[in-house]
Amino acid sequence: MLFATVRRWPRRAAFLLGLLAFLMACTAGTVRLSNANSAQPAMTVAVVSPEVIVVSLRQGTVTHARQEPYRSQPQDKLENSGHDTWVSRRGQVLGTLVGAEQSVLYGFDRYSEAPFAADRASQPRSYRIQSPGDSSYRQAVTPTEVYRKSKPVDTAQINRDDRRWAMEHRFYLRLPTPLTPGQSYQIQLAGQDLPPLTLVYQPDREMSEAIHVSALGFRPDDPVKVGFLSTWMGTGGGLSYPEGLSFQVIDEAIGRSVFTGQTSRRYQNGTAEDARDRTYTLTDVDQLDFSALTQPGQYRLCVDTVGCSSSFAVAEDAWQQAFSVAARGFYHQRSGIALEPPYTDIVRPRPFHPDDGVTVYQSNTGLMDTGNGLDAQGTDEGNFANLVAGKTDAVVANAWGGYFDAGDWDRRIQHLDVARWLLELLELFPEPMENLALNIPESANDRPDLLNEALWGVDFFRRLQTSEGGVRGGIESAEHPKRGETSWQETLTVMAYAPDPWSSYVYAGVAARTARLMGTYAAGQVQGYRDSALAAMAWAEARYQDGIEAQEWPRHRIEADRALAALELYDLTGDRLWHDRFVAARSAIPAEARDDYRIAGPQREIAFLYSRLPADQVDAALQAELRATLIAEADAAVETGQTTAFGWTKVHPSTPVGWGDGLGAPKARTLLRAHALTGGDRYLSAALLACQFSAGANPDNMTYTTGLGQKSPQNPLVIDQRITGGVLPGLTLYGPIDNEFYGSEWFFDVLDSMTVPPARQWPSVETYFDIFYVPNINEFTVMQSMGDAAYAWGYLAGRSSQN
C-alpha cells in the first residue's frame, strides 16, 4: 500500500520514502516509563459540560539533540549506512558525523519524565471530587465513568534503535450530578504523586476546550462569523449537547455581553460529510453564529453551562495580520540567503550558494522524467534514480535561490505556483497589496513587497534558463538529507535537472505574468522578463513532439501547462497567435481526461484567467464555458462546506483528505475566484466558513500555521530547525488527514501503539500529532499548504469593504 500511495501522490511521497528506513528503525524500541528525576507533570482541569470535566496533563520532556564538535578517540568505530556515517565508542553509538570533514557530531535526543500511571488514572476509583459549597459533593464522590484520550506531542530518538514519546493525556470524568455555577471543587487523583486540582465552575469566564473559534479573528464586515461546540472524549466517544443552548459574546474590555444567541445543530454524528461518504468528526457539532456582530473589539465566546473560547478579535486588519505571517513564511523558506535580523529573529547561515563553495552539476535528466516531476516514463521509483543516473561533470553557474520545497531542500518548477498566486493577489487588489510591508531584504526598493517575494521564485528559474531558452526544472540533491546535516552543511551531490518542455512551459507562463505586472511597477524590467518568457516558450515548442508524443497521462498535463503558457503570453502581448495556440493546446486534451486531478491545476488557472479577459479579446462561447466550469466547481465546494461538520471544503468533492489536501490549509481559492467573477455573497460566505477550521476553529483549538494564534505547531518537519532549534513562522502544515484512506500507512502502526484509542479510531479532524515524524501530517510545501493559506487570507484581507 505504501508504494501504491507513493504512485498516487508523487509530489510529497518522495520524502516519505527517504525517511522511511530511518524512522522505522527509530521505533524498534517500546514506549516505557522512565524513573528520571524530572518535574511532576503539569495538570489542569476544565469543564466540557456540567456533567463532564476533563483532567489534562503532559507526560515527558524532550530535549532535542544539537550538533557538537566531534573529538575522535582511538577506540571509535565508524560505520557507513546508506549516506550516513555512524560513530560508536566502547560499544555505545554516539550519533552520526556531519560535514565534509566529519568534524561535527549529531547525537541523540534526551527524554525524561516523572512516573505517572495513565491506566490507573483511567479508573473512576482513582478520583475523589469534593466541594464545600455544593451539597452533592460535600462528601467526596467518584466519577461514574472515566474516558481517556492520549496522544504523542513530541518524540525523542534516544539511541539508534529506540524512541520515546512525550504524551498528552486527557481524562474525561462523567460526574454523578451536574456542577453548580459559582462553586469550587477539589479533584484528587489517588495513587499518583500529584497535588490536588481546584476547579471553580464559572462558565461565563473560564475557558473550555469544547468551544472552538478562529484564532485569526474576523473583519467587521465578514458576512460569516461563527464558532463551534463539540467534544470527542476518546474512549467515551462523542458528547452530545442539548440543542439550542444559549451563548453570548463577551467584550473583554468592558466585561459585558454584547451579543446573544442560541446554538444550532450543524452536524449529526454519523452523517456522511462529503462525496467519499466519510465521517471525519465522530461527534455532534453545534454552530454559534454571531455574524451580526460588527463592532471592533477583543472578545470571547461563551456557551451557557459549558465555558468560553479563547480570546479573538474583530478588527479591520484581522486577515491582513494572518496574511502577513503567511507571506513572510515564504521568506523563511528561501534558499541562497541567510536568515537573520532585522528581517527575522531566526538565525540561519546562507545555504546552497556558489560563493560558499557549493557546486551544482548538470544532469541530463529533466524533471518531467523523474518521480519528483511527472514521472513520465514510470522508471524512477525512488524519485532520485533518474536524476543521479543523468549526472554529468558540467557545472551550472549562478544556480542559487528559490524556495526550499518543504522540510528538506529541493527546489522545483512547481514552486512557481507561489509567484503566480502572489502576482494574482497584487493584480486583484493593487492598493492594499502595494502597501503590505513584509520586512524582507528587498523592502527598501521601490517595488511592492509582494512583487519582490514573487520575484524571488521567478528569478531563480530565470537563472536556470539556458542561453537557448530552455528552463531547468530545479535543483535537487542526490538523496534526502543525511541525518544531522543542515542545509548549509550539505555534502551530497547537488544537481540541476536538464531543461525539459514541461518546466519551460510552466516558467514561460509565470514569466509572462511577471512581465505584465512589472509594467506597472518597474517598466524598465518588462522587456527582460518578456524576452525570457518568449524564449522559454519557443524552446519548448521546438521540442514539443519529443516531449509530448510518447507519453501517456503526462501528455495531457503538459498540454494543459502549454495552453496556460500560451494564454499568459496572449494576455501579455495581445498577439492572436498565442490565443490560437492556447485553443489548440487545450483542444488536444480529450474531454474525458479533463477531470483527471493530475491536470486540474493548470486548467483552473486557465478558467480564471480567461474569464477575466475583456470581451473583445476572447471567444465568447469559450469564455462562457470556462467561466461555467469554474462556477460549477465553486458550487460543488459550497455544497461540500455545507455538509462537513466544521464547514471546511475541498478542491474537488472526491479528493481524499491528506498530503497537499489535508485540513491544515483552507481550500478556498476556487470559491474566492468565483466571488471575484460574480461578486456573489454565496461564494464569499462559503470561503470564510472554509477558512475557520485551519484558523483554529477545530477540536484541537489550534492553527496549523507556525507562529500564528495562541496555539500552533511546535514540531513541524523542518530539518534545519529540528537540528538547530527554533520554529520558522508562517509555515502552514498539511495537518489532519483521513485516517481511513491513509490507515494502511506505516506511521499509523507506530501511532496505534501509543495513542488511546488507537489512532486509526480517532476522528480524522483530530489526527494532527505534533511530533515532526509524519510527512503526511507534519510537513508542507510552499505551493500546496503554504500557497493555499496565503492566497485565501490575502484575498480576504485585500477585498474591498463593499464585498
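In which strand does Ser-49 lie? Select Ser-49 and you will find it in strand β1 (residues 43–49); helices (H or I, at least four residues) and strands (E, at least two) are DSSP runs, numbered from the N terminus.

Before moving on, two notes on the model. Residues are numbered from 1 along each chain as its sequence is written, and side-chain values use heavy atoms, with hydrogens and water left out. This is a predicted model, in which local features need pLDDT of at least 70 and side-chain atom pairs count only at pLDDT 80 or more, while totals for chains, interfaces and linings use all residues.

**Stop 1: around Ser-49**

Ser-49 is buried, with a relative accessible area of 4%. Here buried means under 20% relative accessible area, exposed over 50%, and partly exposed in between (1.4 Å probe, protein chains only). Now show the neighbours: leaving aside residues up to four places away in sequence, Ser-49 touches Leu-239, Tyr-241 and Thr-305, where contact means heavy atoms within 4.5 Å. Then add Glu-209: 160 residues separate Ser-49 and Glu-209 along the chain, and their C-alpha atoms are 10 Å apart.

**Stop 2: strand β12 and its partners**

Select residues 162–174, strand β12. Of its 13 residues, 12 are buried, so β12 is largely enclosed by the rest of the structure. Add strand β2 (residues 52–59), which runs antiparallel to β12 and is joined to it by 8 bridges; two strands pair if DSSP finds at least two bridges between them. To see the register, pick Ile-53, which stands opposite Leu-173 in β12.

Next, show strand β11 (residues 145–159), which pairs with β12 in the antiparallel sense over 13 bridges. β11 and β12 form a hairpin with 2 residues between them, and Asp-154 stands opposite Ala-166 in β12.

**Stop 3: another hairpin**

Go to strand β5 (residues 77–81) and strand β6 (residues 84–89), an antiparallel pair with 5 bridges. Ser-81 stands opposite Asp-84 in β6. This hairpin has 2 residues between the strands, and Gly-82 takes a positive phi near 65°.

**Stop 4: a mixed sheet**

Now colour five strands in the order β25-β24-β28-β27-β26: they form an open sheet with mixed pairing. β25 (391–395) and β26 (411–412) are the edge strands, each with a single partner, so one side of each is left without a neighbour in the sheet. For a parallel pairing, look at strand β24 (residues 360–366) and strand β28 (residues 494–498), which share 4 bridges. Gln-362 has Ala-496 in β28 as its bridge partner.

**Stop 5: the largest cavity**

How many cavities of 30 Å³ or more does the structure hold? There are 8, and the largest has a volume of about 90 Å³. On a 1 Å grid over the protein atoms alone, a cavity is a set of points where a 1.4 Å probe fits but cannot get out, and lining residues have an atom within 4 Å of a point. Grid points are joined across faces, edges and corners, and a volume is the space filled by probe spheres set on the points. Of the 14 residues lining the largest cavity, select the closest to its centre: Trp-409, Asp-410, Glu-476, Ser-477 and Glu-479. Strand β27 (residues 474–477) gives the most to this lining, with 3 residues.

**Stop 6: two helices**

Select helix α6 (residues 416–428). Of its 13 residues, 10 are buried, so α6 is largely enclosed by the rest of the structure; among the buried ones are Arg-420, Trp-421 and Glu-424.

Then turn to helix α15 (residues 620–643), whose buried residues include Leu-622, Leu-626, Leu-630 and Ala-634. Their cover includes β19 (264–267), α13 (576–587), α14 (600–612), α16 (669–678) and α17 (681–692). At the start of α15, zoom in on Asp-619: one of its side-chain oxygens reaches to within 3.0 Å of the backbone nitrogen of Ala-621.

**Stop 7: two loop residues**

His-652 sits in the loop between α15 and α16, and counts as partly exposed at 39% relative accessibility.

For the last stop, select Thr-767, in the loop between α19 (746–752) and α20 (775–778). At 0% relative accessibility, Thr-767 counts as buried. Not counting residues up to four places away in sequence, Thr-767 touches Pro-736, Ile-737, Asn-739 and Ile-777.

Methods:
A polar contact is a pair of N or O atoms within 3.5 Å; within protein, one must be able to donate a hydrogen and the other to accept it, and residues adjacent in sequence count only if both atoms are side-chain atoms. On a 1 Å grid over the protein atoms alone, a cavity is a set of points where a 1.4 Å probe fits but cannot get out, and a pocket is an open set with protein on both sides within 12 Å along at least five of seven lines; lining residues have an atom within 4 Å of a point.
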